[in-house]
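This report describes one protein chain, beginning with its sheet and ending with a set of annotated positions. Please keep the structure in view while reading.

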Amino acid sequence: MSNPAKQEERLIVLDTETTGINPKEGHRIVEIGCVEMINRQLTGRTYHAYINPMFQMEQEVIDVHGLTNEFLADKPLFNQVAQEFIDFIRGAELVIHNARFDVGFMDHEFGMVNAGLPMTDDICTVTDTLKVSKDEFGSPKTLDFLAKHYRVDKLIDRTYHGALIDAQLLAYVYIEMTRKQEVFNLNADEGDGNDQAGGIRRLAENRSPLKIVRASADELLAHQERLDVVEQKGSAPLWLK
């Protein structure tokens with residue numbers, strides 16, 4: 001019988017590009033980019049599609065993502081890629097920056113497909129890194145800010161804000177943003193002789209005692225001198241506060 005604690009956690013980092021900001025005004029998705037992670041590790045699997053929106057974009061929108069009306073003219077319609085897109089993300093946890101925007105467009109597109117497709121919440125769970133950034137920094141932060149803060153901004157060439165490019169960058173941001181959430185697997189099997197990565201490694205009861213190395217008198221003196229310097233600068237070690 002499989003151990004539920006060892007089941008793989010599948011994340012899909014997702015981004016879209018659109019013809020505008022409001023699907024209720026007829027705006028559509030023109031690009032979808034997805035990057036797969038399993039147990040917080042990039043697998044190399046991606047989903048990427050350009051989509052003909054049947055909508056003429058203004059130049060200011062084209063300047064953002066670099067996708068022209070002419071380039072998209074021979075691309076498939078959303079209803080032609082909808083099922084393969086759903087198959088790729090189904091059952092995963094979606095990681096999206098400003099999820100309200102992307103999910104709103106996705107649900108609008110799903111609703112326009114005659115096949116009666118489910119909504120995003122029926123397919124996946126969603127984590128919004130915009131909300132995570134608010135909890136972390138006290139206010140929502142842009143992807144650009146987070147990429148620079150976590151020093152991953154140089155890993156991706158973002159001349160244009162393409163969906164797959166931004167999804168790849170967000171994957172790096174998410175790994176750094178949530179690194180402190182990594183925990184040991186406290187449910188690792190006992191007594192099977194196999195140490196599981198991330199699990200508890202249990203030592204034998206008859207092991208040799210650990211050697212205790214105590215500080216020398218000179219080391220204790222140097223340590224106190226350092227504490228005196230810290231105190232002179234108007235501070236104190238955290239354990240003394």
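Two strands pair if DSSP finds at least two bridges between them. With that in mind, look at Leu 11, whose bridge partner in strand E4 is Glu 93. The model is a predicted one, and its confidence should be considered before the details.

**Confidence**

The protein chain has an average pLDDT of 84, and 79% of the residues score at least 70. Two stretches fall well short of that score. Over residues 1–6 the pLDDT stays under 50, and the model has 6 contacts beyond four places in sequence for them. Residues 183–200 also have a pLDDT below 50; this stretch makes 16 contacts in the model beyond near neighbours in sequence.

**The sheet**

How many strands make up the open sheet, and in what order do they come? There are 5 strands, in the order E3-E2-E1-E4-E5, and the pairing is mixed. The edge strands are E3 (41–50) and E5, each of which pairs on one side only. From one strand to the next, the twist averages 25°.

The table lists three of the pairings, with an example of residues that stand opposite each other.

| Strands | Sense | Bridges | Example pair |
|---|---|---|---|
| E1 (residues 10–18) and E4 | parallel | 3 bridges | Leu 11 and Glu 93 |
| E4 and E5 (residues 125–128) | parallel | 4 bridges | Glu 93 and Thr 125 |
| E1 and E2 (residues 29–38) | antiparallel | 9 bridges | Thr 16 and Ile 32 |

Glu 93 appears in two of these rows: it is the partner of Leu 11, and it stands opposite Thr 125 in E5.

Two helices belong to this picture. Helix H4 (residues 99–112) packs on the sheet and touches E1, E2, E4 and E5; its direction makes about 80° with that of E1. Helix H8 lies across E1, E2, E3, E4 and E5, and runs at about 35° to E2.

**Strand E4**

In a regular strand the side chains alternate between the two faces of the sheet. Are the faces of strand E4 (residues 93–96) covered or open? Both are covered: Glu 93 and Val 95 are buried on one side, and Leu 94 and Ile 96 are buried on the other.

**The annotated positions**

An unreviewed UniProt entry lists Asp 15, Glu 17 and Asp 166 under "binding site". These residues are spread over 152 residues of sequence, yet they cluster in space, with a largest C-alpha distance of 9.8 Å. Asp 15, Glu 17 and Asp 166 are also part of the lining of the second largest pocket.

Asp 15 lies in strand E1. Is Asp 15 buried or exposed? Asp 15 counts as buried because its relative accessible area is 14%, and the cut-off for buried is under 20%. Leaving aside neighbours within four places in sequence, Asp 15 has contacts that include Glu 31, Ile 32, Gly 33, Asp 102 and Asp 166.

Asp 166 is found in helix H8 (residues 163–177). Asp 166 has a relative accessibility of 7%, so it is buried as well. Again leaving aside neighbours within four places in sequence, Asp 166 is in contact with Asp 15, Glu 17, Leu 143, Arg 158 and His 161. Asp 166 therefore touches Asp 15 and Glu 17, which UniProt lists with it under "binding site", where contact means heavy atoms within 4.5 Å.

Terms used:
Residues are numbered from 1 along each chain as its sequence is written. Side-chain values use heavy atoms; hydrogens and water are left out. pLDDT is the predictor's confidence in each residue, from 0 to 100. Buried means under 20% relative accessible area, exposed over 50%, partly exposed in between (1.4 Å probe, protein chains only). UniProt positions are given in the numbering used here, feature names are shortened, and annotations may be inferred rather than shown by experiment. On a 1 Å grid over the protein atoms alone, a cavity is a set of points where a 1.4 Å probe fits but cannot get out, and a pocket is an open set with protein on both sides within 12 Å along at least five of seven lines; lining residues have an atom within 4 Å of a point. Axes are lines fitted to C-alpha atoms, for helices over the stretch in contact, and angles run from 0 to 180 degrees between N-to-C directions.
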